[in-house]
Amino acid sequence: MTLKEIKGNARENLLPFLGISATTVLIASIIQTVIASIASLPITGTGFLTFFTYEAGFIISSLLGGIIHVGICKYFLALITEKKVAPFDVLHGFRHSPDKILSVNIFMTFIEVICLLPYAVYSCFFANAADKQSVLISLSIFLLCEAIAFLILLPFSLTSFILVDMPDLSAAKTIKMSCYLMKKHYFKLIGLYLSFIPLSLASLITFGIGDIWLKPYIHSCFAEFYLTVTEQKTI
């Protein structure tokens, strides 16, 4: 199935439930934002205390946010496959095998922490917030680290869906299954990510208000992508 077909199916399935889906995703986004604001602090100082505070906050935020993301995947898989929605599905990860979900998220978070380590080290020990050039270097390092993390984590992009769709698999097998399903689909998934850039930029014009409708559409597209990939693989 092409990206155009995936996105077309996503729009068709989402449209009857757009209002409630937008509300559900908005609530989930608010929860994730609150978690991030409490647990993940921006790098505003220097030294070891700032470094460890930043790293601890980032890890806590990533782990809790990952559990909520599993719930979002549960919601949109149900929307597409069963044509029904249950807003409380966004809390699915807290109610069903949270230990296994945490194990998978710890693995993913560890990779991201390692990838972002150059940014954290430079910002905490070498950057000067009053120096524009230093801030620019810090931002450049951050973007490069994020790009590297994205590429490394690409094979594991389907873990949240697999945790919902194949609950009998262990954490290790969930990670392996994602790698297996993603074979030959890396560029298609990258293409899917890139295809949302114009809409995301348009949403910026509305100061993020457009995200209320854009995010459910994006989540629906990724759910469709997952179903497309699993149909093409013998599991």
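This passage describes the fold, the aromatic contacts, the cysteines and two individual residues of a predicted protein model.

The mean pLDDT of the protein is 88, and 94% of its residues reach 70 or more. Confidence is not uniform along the chain: the lowest mean, 83, belongs to helix H2 (residues 18-39), and the highest, 96, to helix H8 (residues 171-182).

The secondary structure consists of 11 helices, with zero strands. Read along the sequence, the pattern is accordingly α-α-α-α-α-α-α-α-α-α-α. The C-alpha trace spans about 55 × 40 × 35 Å along the principal axes. For 235 residues, a compact globule would be expected to have a radius of gyration near 18 Å, and the value for the protein, 18 Å, agrees with this. Of the 235 residues, 44% are buried. Among contacts with a separation of 6 or more, 74% join residues that lie 24 or more positions apart in the sequence.

Aromatic side chains were examined next. A pair of aromatic rings is described by the distance of the centres and the angle of the planes. The count comes to 15 aromatic pairs. One of these is formed by Phe51 and Phe52, whose rings are 5.4 Å apart, centre to centre, with 75° between the planes. This pair is classed as edge-to-face, because the angle of 75° is over the cut-off of 60 degrees. The two partners differ in their accessibility: Phe51 is buried, with a relative accessible area of 12%, whereas Phe52 counts as exposed at 52%. Elsewhere, one aromatic cluster is made up of Phe150, Tyr193, Phe196, Tyr217 and Phe222. The ring of Phe196 also has a charge placed over it, namely the charged end of Lys7, which is 4.8 Å from the ring centre.

The cysteines were considered with respect to disulfides. A disulfide is a covalent bond between the sulfur atoms of two cysteines. A search of the whole structure finds zero disulfides. For Cys124, the closest cysteine sulfur is that of Cys145, at 13 Å, which is too far for a bond. For Cys145, the closest cysteine sulfur is in Cys115, and the distance of 7.5 Å is again too far for a bond. Both distances can be set against the limit of 2.5 Å for a disulfide. Cys124 is buried, with a relative accessible area of 0%, and Cys145 is buried as well, at 6%.

Two further residues illustrate positions at the start of the chain and within a helix. Met1 is located in the segment before helix H1 (3-14). With a relative accessible area of 35%, Met1 is partly exposed, because this value lies between the limits of 20% and 50%. Its C-alpha atom is separated by 32 Å from that of His96, a residue 95 positions away along the chain.

Val25 is found in helix H2, the helix with the lowest mean confidence. At 5% relative accessibility, Val25 counts as buried, because this value is under the limit of 20%. When residues up to four places away in sequence are not counted, Val25 touches Phe76, Lys215, Pro216 and His219. Val25 and Phe156, which are 131 residues apart in sequence, are 22 Å apart in space, C-alpha to C-alpha.

Conventions. Residues are numbered from 1 along each chain as its sequence is written. This is a predicted model: local features need pLDDT of at least 70, side-chain atom pairs count only at pLDDT 80 or more; totals for chains, interfaces and linings use all residues. Side-chain values use heavy atoms; hydrogens and water are left out. Buried means under 20% relative accessible area, exposed over 50%, partly exposed in between (1.4 Å probe, protein chains only). pLDDT is the predictor's confidence in each residue, from 0 to 100. Helices (H or I, at least four residues) and strands (E, at least two) are DSSP runs, numbered from the N terminus. Rings of Phe, Tyr and Trp (its six-membered ring) pair if their centres lie within 6.5 Å; planes under 30 degrees apart count as stacked, over 60 as edge-to-face and the rest as tilted. A charge sits over a ring if NZ of Lys or CZ of Arg is within 6 Å of the ring centre and within 35 degrees of the ring normal. The radius of gyration is taken over C-alpha atoms; the globule rule is 2.2 Å times the number of residues to the power 0.38. Contact means heavy atoms within 4.5 Å.
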